[in-house]
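Visitor: I have a sequence and a model open side by side, and I would like to learn how to read them. Could you walk me through it?

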Amino acid sequence: QVRLMESGGDSVQAGGSLRLSCFASGYTYNYNCMAWFRQAPGKEREWVARIEIAGSPAYADSAAGRFTISLDGRDSVALQMNSLKPDDTGTYYCAAGPRMAKGGCRYTFWGQGTQVTVSS
């Protein structure tokens, strides 16, 4: 089993920056993908960025050029968010899971989320 715990959420003004962190504990060899998702009030959860333990990062269009995902070993993933916009407001979740044989990742472990609020 893997436990994920996020931190770093806060309230900031538009144009500001935040750095989210996610720490994993437990059997951290159960996954080789880590990712960030977010959910805005009244909307479905959406993927923001992912990174594989031995691979390159990938970003949603809404995050590309402003957000950076990075790994610190197998048990820590961060999301540096710059030039924040009010549309970035939401609960941010860390996720981890195995890479699928046909590509992509299946996220089987989830954190509880951390709140990001961006005001205009």
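**Reading the core, the disulfides and the strands**

Guide: Happy to. The largest nonpolar core has 26 residues, and those with the most contacts inside it are Leu4, Trp36, Leu79, Met81 and Tyr92. Please keep in mind that this is a predicted model.

Visitor: Which strands supply at least two residues each of this core?

Guide: The general idea comes first: in soluble globular proteins, nonpolar side chains tend to be buried together. Here, at least two core residues each come from β1 (2–7), β3 (18–26), β4 (33–39), β5 (46–52), β7 (67–71), β8 (76–81), β9 (90–97) and β11 (114–119). The largest share, four residues, is from β3.

Visitor: What does Met81 touch, beyond residues up to four places away in sequence?

Guide: With those neighbours set aside, Met81 touches Gly16, Ser17, Leu18 and Leu20, and also Arg66, Phe67, Tyr92 and Val116. Apart from the largest core lies another one, of six residues, with Cys33, Phe37, Ala95 and Tyr107 among them.

Visitor: Let me turn to the cysteines. How many disulfides does a search of the whole structure find?

Guide: Two. One of them joins Cys22 to Cys94, with an S to S distance of 2.1 Å.

Visitor: Why is the disulfide of Cys22 and Cys94 called left-handed or right-handed?

Guide: Look at the torsion about the S-S bond: for Cys22 and Cys94 it is about -80 degrees, so this disulfide is left-handed. Cys22 lies in strand β3 and Cys94 in strand β9, so the pair ties together parts that are 72 residues apart in sequence. Both Cys22 and Cys94 are buried.

Visitor: And which residue is joined to Cys33 by a disulfide?

Guide: Cys33 is joined to Cys105, at 2.0 Å from S to S. This link of Cys33 and Cys105 is left-handed, with -65 degrees about the S-S bond. It connects distant parts of the chain, as Cys33 is in strand β4 and Cys105 in the loop between β9 and β10 (109–110), 72 residues apart. Cys33 is buried, and Cys105 is buried too.

Visitor: What is the pairing when the bonded cysteines of the chain are numbered in sequence order?

Guide: Numbered that way, the pairing reads 1-3, 2-4.

Visitor: Now a hairpin, please. Do β7 and β8 run parallel or antiparallel?

Guide: They run antiparallel, and five bridges join β7 to β8. As a register mark, find Thr68, which stands opposite Gln80 in β8. Four residues lie between the strands of this hairpin, where Gly73 takes a positive phi near 75 degrees.

Visitor: How should I read single strand positions? Is Gly97 buried or exposed?

Guide: A useful general idea is that in a regular strand the side chains alternate between the two faces of the sheet. Then check each position for itself. Gly97 has its place in strand β9, and with a relative accessible area of 0% Gly97 is buried. Its C-alpha atom is separated by 4.4 Å from that of Tyr31, although the two are 66 residues apart along the chain. Leaving aside neighbours within four places in sequence, the contacts of Gly97 are Tyr31, Asn32, Cys33, Arg106, Tyr107 and Thr108.

Visitor: And where does Ser21 lie?

Guide: Ser21 is in strand β3. Its relative accessible area is 17%, and buried means under 20%, so Ser21 is buried. Residues up to four places away in sequence not counted, Ser21 touches Met5, Glu6, Ser7, Trp36, Val77 and Ala78.

How values were computed:
Residues numbered from 1 in each chain as written. Predicted model: local features only at pLDDT ≥ 70, side-chain atom pairs only at ≥ 80, totals over all residues. Heavy atoms only, no water. Core = buried A, V, L, I, M, F, W, Y, C linked by side-chain atoms within 4.5 Å. Buried < 20%, exposed > 50% of the residue type's maximum accessible area, 1.4 Å probe, protein only. Contact = heavy atoms within 4.5 Å. Disulfide = S-S within 2.5 Å. Pairing = 2+ DSSP bridges.
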